[in-house]
Amino acid sequence: MNDCLFCKIIKGEIPCSKIYENEFVFAFKDIDPQAPFHAIIVPKEHISSADEINADNSHLIGKIFEAVAVIAKQENLNNGYRVVNNCGKDGGQTVGHIHFHLLARRNLAWPPG
Ligand code: 5GP
Ligand code: ZN
């Protein structure tokens, strides 16, 4: 996907502040943080949104949450955190490569707005 922003970040074509990487996933700081700690975690494989998850690629979502647990320990997110996926227009998705927000280091309101 040539014109995908997050594919370009994964490939290093657009700079980012990398937090974590393994064979399957890539994590970096959000450019417009909504909490004192705000990471974006993506599968390296291009998947447009949660709507595109299927039996062939769903293992990558498990890899995302494995990475969440590693990053939480790496970054000492001892007070907890929130993982958010925005899907589609009403869900607030603005980048068409599935991603999970990892938000921490403040008390997060519930329910969200
Ligand atoms: P969405 O609104 O699709 O759930 O989340 C997209 C996120 O990507 C937003 O929180 C936005 O701040 C972040 N973002 C957009 N462009 C860039 C960029 O070029 N670099 C980084 N690091 N984050 C970005
Ligand atoms: Zn992509």
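The shell around ligand 1 mixes residue classes: seven are nonpolar, six are polar and three are charged. Keep in mind that this is a predicted model. In total, 16 residues surround the ligand, and the closest are Asp30, Asn86, Thr94, His99 and His101. As for where the shell comes from, helix H1 (5–11) and strand S2 (25–29) each bring at least two residues. H1 has the largest share, with three residues.

Now for the polar contacts. Here are three that involve an oxygen atom of ligand 1.

| Residue | Part of the residue | Distance to a ligand 1 oxygen |
|---|---|---|
| Gly92 | backbone N or O atom | 3.0 Å |
| Val95 | polar backbone atom | 3.1 Å |
| His101 | side-chain N or O atom | 2.8 Å |

So how much of ligand 1 does the protein bury? On its own, the ligand exposes 520 Å², and the protein buries 83% of that.

Next, the space itself. Ligand 1 takes up the largest pocket, which has a volume of about 690 Å³. This pocket is lined by 30 residues, and those nearest its centre are Asp30, Asp32, Gln34, His38 and His101. Two of those names should ring a bell: Asp30 and His101 are also listed among the residues closest to the ligand.

Which elements each supply at least two residues of the lining of the largest pocket? They are H1, S2, strand S3 (37–43), strand S4 (81–84) and strand S5 (100–104). H1 again gives the most, with three residues. Sorted by class, the lining of the largest pocket has 15 nonpolar, 10 polar and five charged residues.

There's a second pocket to look at too. The second largest pocket holds about 160 Å³ of space. It is lined by 13 residues, with Asn79, Gly80, Tyr81, Arg105 and Arg106 closest to its centre. S4 and S5 each supply at least two residues of this lining, and both strands also contribute at least two residues each to the lining of the largest pocket. By class, the lining of the second largest pocket divides into five nonpolar, five polar and three charged residues.

If you're clicking through the model, His101 is a handy place to start: its side chain has an N or O atom 2.8 Å from a ligand oxygen, and the residue is listed among those nearest the centre of the largest pocket. From there you could go to Gly92, where a backbone N or O atom lies 3.0 Å from an oxygen of ligand 1.

Note on methods
Residues are numbered from 1 along each chain as its sequence is written. Chains are lettered from A and ligands numbered from 1 in the order in which they are written. This is a predicted model: local features need pLDDT of at least 70, side-chain atom pairs count only at pLDDT 80 or more; totals for chains, interfaces and linings use all residues. Side-chain values use heavy atoms; hydrogens and water are left out. A residue is near a molecule or strand if one of its heavy atoms lies within 4 Å of it. A polar contact is a pair of N or O atoms within 3.5 Å; within protein, one must be able to donate a hydrogen and the other to accept it, and residues adjacent in sequence count only if both atoms are side-chain atoms. Accessible areas come from the Shrake-Rupley method with a 1.4 Å probe; for residues, only the protein chains shown count as cover. On a 1 Å grid over the protein atoms alone, a cavity is a set of points where a 1.4 Å probe fits but cannot get out, and a pocket is an open set with protein on both sides within 12 Å along at least five of seven lines; lining residues have an atom within 4 Å of a point. A molecule sits in a cavity or pocket if more than half of its atoms lie within 2 Å of its grid points. Helices (H or I, at least four residues) and strands (E, at least two) are DSSP runs, numbered from the N terminus. Ala, Val, Leu, Ile, Met, Phe, Trp, Tyr, Cys and Pro count as nonpolar, Asp, Glu, Lys and Arg as charged, and the others, Gly among them, as polar. Grid points are joined across faces, edges and corners, and a volume is the space filled by probe spheres set on the points.
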